[in-house]
Every structure is written in C-alpha cells, then in structure tokens.
Amino acid sequence: MIRDLEFRRTAGSPPGLELVNLAELDRRARNHGNDPYAPLRPAFHQLVAVRSGGLTVSVDFTTHTLDAGSWLWIRPGQVQRWGRDLPASDGVVVAFPAGFPDAATVAAAFGRPPYAPGPVRPAGTDAEGLRRALDHLRYEYDAMAQLPLESHVQALRHLLAVLLLRLAKARGAAPDAPASNQAFRRFHAAVERDFAVTRRVEDYAAALGYSPRTLTRATTAATGMSAKRYIDERVVLEAKRELAHSGLPATAIAARLGFTDPSDFTKFFRQRTGTTPAAFRQQAAGA
C-alpha cells in the first residue's frame, strides 16, 4: 500500500523545517516505522540536493538519476521511492510543510501547476547562489540555541525563501498572466480536492464562479491541455498510483475514484492510456 506521511518534527529541531543528510534517511525512516524503499506519499515539500556521487529516486513512475550538483523538488502528494543507493548518497533533504514559506515566496517561487517533474543541474552563479543559500540555511538550522525560538523560526523562513527563489531562477520559472494564473491555480486546487467526486468541468466552473470556457482558456494557457483533459489526467494518475502500489482490486480503486460501475472505469482508463487497468498493473509489477 502507499503509505501517507505527515510532516513530523524531530525532537530538538525547530518547528516547520527539517534538514536531513541523505545518508541518514534510511535510519530515520525506519525509526519512524517507514520503509524508505516502499511507495511513500509525503504531505510536505522536499528539496533534494546532491553534493557528490549520485542518487536514484522514483517520483510518480519516473526514475530520476541525480548526479553531483543536482536538485529535485518533490511536491506534496507525489508518490516516491528512494533507490537502494540512498545510504551511500552525499547530500541533503530540506523538508517543510506547505504553510511554512510566506505567501509572497509561494507566489514567486512555486510556479504554476503542473510542476516541472525533473531535476535541475544549476551552473555558474545559479549553482553558487544555491550552495551559499543552503549553507546559510544549514548554519542557522544548527544554531537554534543562539536566538529566541520565534526569531529562529523567522530566520529559517526567510532563508528558505532565498533558497526557493534561487531554485526557481535556476529552473527558469517564468511568471504568467495574473488573471489566467489565478483561475488555473483555483481550478488546480479544486481538482486536487474533488477529482474523485466529479470529472465535469461544469461542476468546477459553478463551484469556482467561472464559466467553463474561462477555465478551459486558463488551463490551456497553463498546461497546453483542455480543462476536461486536465481533470481526466489527474484521475488517471491516481488510478496508476493505486494500481501500481496498492493491493486493492480494480473494483475498489474504481469506487475510490468515483466510478459507480467498474466497467466504466475500465473503459475510461483504456481510452486514456491505451491499456486496461489489469494490464497496467501487470506491467508495473514487472518493472
């Protein structure tokens, strides 16, 4: 089964942020009763930075090979599996819940969904800026006793903002039109919440106070696909996660995704992936 992970503060660490060396993750995960090599779905952000050597990590069916200088941003809700090279990896994970960065940083640094899934390998001044930002964040993180707790947390929040803005620049994130951005952001959040409840663009439009045409325009501008296809792709992603990582029968997965008739789910899945749920599960098991 996919194990959901909530953000858990380690004793002695400041609230809202965790910095963990990659080589320590195996031990820490097992201390919390988690298998780091099983499918995990954290409800928090993770910035993975590799200093030297390499690391493999699978995120939603894509295996990334990170080499020295690589950064990978794993978003809340994505299903991940660490590679077996984790204990020998040299690097750090910066973990934080969605509400920890300030609103201005979120607007400027997070970009618009769907987020770029792959790693980035900054060079030149981008790499140097990120290195310095991470080093300063690490210094302040380890110096919790030097400031009152409230001041210490505020310092970490500001330093995380610097790191996120530096990473956004290294990714080449470009702002989009505010009006379409807002409409799509709200639509994206609604789909994340309700994709198992409704797959109708009209329902989302009514709930958000937009016309279906406005949502389609905003979604096409942000993703290159229609609003209807965006909803369907989200349902397909969740279906793939459950088929690949859970032992639930397809009928139960269909019900969880809002299909009253399992045959409708099979038809939906085949039309959008070119294969049946059973065939996809078999293929995923052999991968």
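**Exercise 1.** State which residues of helix 10 are buried, and work out how they are placed around the helix.

*Solution.*
Step 1. The model is predicted; local features need pLDDT of at least 70, side-chain atom pairs count only at pLDDT 80 or more, and totals for chains, interfaces and linings use all residues. Residues are numbered from 1 along each chain as its sequence is written, and side-chain values use heavy atoms, with hydrogens and water left out.

Step 2. F265, F268 and F269 are buried in helix 10. Buried means under 20% relative accessible area, exposed over 50%, and partly exposed in between (1.4 Å probe, protein chains only). Helices (H or I, at least four residues) and strands (E, at least two) are DSSP runs, numbered from the N terminus.

Step 3. Viewed down the axis of helix 10, the buried residues fall within an arc of 95 degrees, so they line one face of the helix. The arc is that of the directions from the helix axis to the C-beta atoms. An α-helix has 3.6 residues a turn, so residues three or four places apart point the same way.

Step 4. These buried residues pack against helix 8 (227-245), helix 9 (250-256) and helix 11 (277-286). Contact means heavy atoms within 4.5 Å.

**Exercise 2.** Check the length of helix 10 (residues 262-273).

*Solution.*
Step 1. The expected span is 1.5 Å times one less than the number of residues.

Step 2. For the 12 residues of helix 10 this gives 16 Å, and the end C-alpha atoms are 16 Å apart, which agrees.

Step 3. Just after the helix, G274 has a positive phi of about 80 degrees.

**Exercise 3.** Describe the sheet that contains strand 9 and what packs on it.

*Solution.*
Step 1. Four strands form an open, antiparallel sheet in the order 2-9-4-7. Two strands pair if DSSP finds at least two bridges between them. Strand 2 and strand 7 (71-74) are the edge strands, each pairing on one side only.

Step 2. Strand 2 (residues 18-21) is joined to strand 9 by 4 bridges; L19 has V94 as its bridge partner. Strand 4 (residues 45-52) is joined to strand 9 by 7 bridges, and V50 stands opposite G91.

Step 3. In strand 9 (residues 90-96), 6 of the 7 residues are buried, so the strand is largely enclosed by the rest of the structure.
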